Amino acid sequence: MSAQNVTIPASALHFLNTLKENNNRDWFNANKDLYLKQLSHIEAFADALLGEMNAHDVIETVSGKKSLHRIYRDTRFSLDKTPYKTSWSGGFTRATALRRGGYYFNIQPGNSFIAGGFWAPEPRDMKLIRDDISFDPAPLKKIISDKTFTQTFGSLLGEQLKTTPKGFDPNDEAIDLLRYKQFLLQRNFTDKEVTGADFLKNANQTFILMRPFFDYMSEVLTSNPDGDSVV
């Protein structure tokens, strides 16, 4: 089977719905074989997606299996003590310090999406980003206002400060962008789209459409104002 023919079966979503109704260790252990069967479909999808991505980017993640997040929840600090996640999810890391931005996917009944960006920038990176935006917001504004960008992702997402970031002018023309603490892109998919024949192609295309944003951020985070590398 070619990579483009790899699909996510409806049974993978059905399993998650059933798990949501029976989110306990006894049920899960009794249905471990069913879990592993559905997991194999997600691993095959992630592996095929990784192969497609390596044609247009350089990915550090070595396999689809390695990209997947564990289904077991860490309940130590959570009020929700259910032991299992009710989604299939994973992420791909771009290779070398020169390539910034992370890729992510979430497969869940009624809440599936392809995403990417910068979830928790380090203080040094955040300062570089804000300094560049304040100096000249035009490059970023051009990217996020592009028709293809808005049709795919809508708008830039992420948690924002309610006040002006320290060291910046509250009257800065780009204050709306300077308040971002996260820089995230997300495209939602219906259950029908997720289990459709074109989902692998559409997921890969979504990652491709993130590249102008990633390329901008990578340049900001890996070079000084003179264009010299700082990594």
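**Figure 1. Phe113 and its partners across the sheet of this predicted model.** Phe113 stands opposite Asn188 in S4. On the S2 side, it is Asn106 that faces Phe113 of S3. Follow Asn106 one strand further and you reach Ser89, whose bridge partner in S2 is Asn106. Two other pairs help you find your way around S3: Tyr103 stands opposite Gly116, and Gly117 is set opposite Leu184 of S4.

**Figure 2. The open sheet of four strands.** Here the strands come in the order S1-S2-S3-S4, and their pairing is antiparallel. Which strands stand at the edges? They are S1 (88-93) and S4, each of which has a single partner strand, so one side of each is left without a neighbour in the sheet. From one strand to the next, the twist averages 15°. As for the pairings themselves, six bridges link S1 and S2, five join S2 to S3, and seven connect S3 with S4. In general, strands of a sheet pair through backbone hydrogen bonds, in either a parallel or an antiparallel way.

**Figure 3. Strand S3 (112-118) and the hairpin that leads into it.** Is S3 largely enclosed or left open by the rest of the structure? Seven of its seven residues are buried, so S3 is largely enclosed. In a regular strand the side chains alternate between the two faces of the sheet. Both faces of S3 are covered, with Ser112, Ile114, Gly116 and Phe118 buried on one side, and Phe113, Ala115 and Gly117 buried on the other. Between S2 and S3, the hairpin has four residues, and Gly110 takes a positive phi near 75° there.

**Figure 4. Helix H3 (residues 32-53) over the sheet.** H3 lies across S1 and S2 and runs at about 30° to S1. The largest nonpolar core has 59 residues, and those with the most contacts inside it are Trp88, Ile133, Phe183 and Phe213. To this core H3 gives the most, with nine residues.

**Figure 5. The surroundings of Phe183, one of the residues with the most contacts inside the largest nonpolar core.** What does Phe183 touch once its neighbours within four places in sequence are left aside? Its contacts include Gly116, Gly117 and Phe118, which are buried residues of S3. Also among the contacts of Phe183 are Pro121, Met126, Ile129, Ile133, Leu156, Leu157 and Leu177. Phe213 and Met217 complete the set, and both are buried residues of H11.

**Figure 6. Helix H11 (211-222) and what it packs against.** H11 has twelve residues and reaches 16 Å from its first C-alpha to its last, close to the 16 Å expected at 1.5 Å a residue. Its buried residues are Phe213, Phe214, Tyr216, Met217, Ser218, Val220, Leu221 and Thr222. What do these buried residues pack against? They meet strand S2 (102-107), S3, H5, H6 and strand S4 (183-189).

**Figure 7. The two sides of helix H6 (residues 138-145).** The buried residues of H6 are Leu140, Ile143 and Ile144. They cover an arc of only 85° around the axis, which puts them on the same side of H6. The general rule is a handy companion here: an α-helix has 3.6 residues a turn, so residues three or four places apart point the same way. Turned away from the buried side, the other face of H6 carries the exposed residues Lys142 and Ser145. The buried residues of H6 pack against helices H5 (123-135), H7 (147-153), H8 (175-178) and H11.

**Figure 8. Stepping back to the whole chain, with its eleven helices and four strands.** The C-alpha atoms fill a box of roughly 60 × 45 × 30 Å, taken along the principal axes. Of the 231 residues, 42% count as buried. Among contacts with a separation of 6 or more, 66% are accounted for by residues 24 or more positions apart.

Notes:
Residues numbered from 1 in each chain as written. Predicted model: local features only at pLDDT ≥ 70, side-chain atom pairs only at ≥ 80, totals over all residues. Heavy atoms only, no water. Buried < 20%, exposed > 50% of the residue type's maximum accessible area, 1.4 Å probe, protein only. Arc of directions from axis to C-beta. Contact = heavy atoms within 4.5 Å. Expected span 1.5 Å × (residues − 1). Core = buried A, V, L, I, M, F, W, Y, C linked by side-chain atoms within 4.5 Å. Pairing = 2+ DSSP bridges. Axes fitted to C-alpha atoms, helices over the stretch in contact; angles between N-to-C directions.
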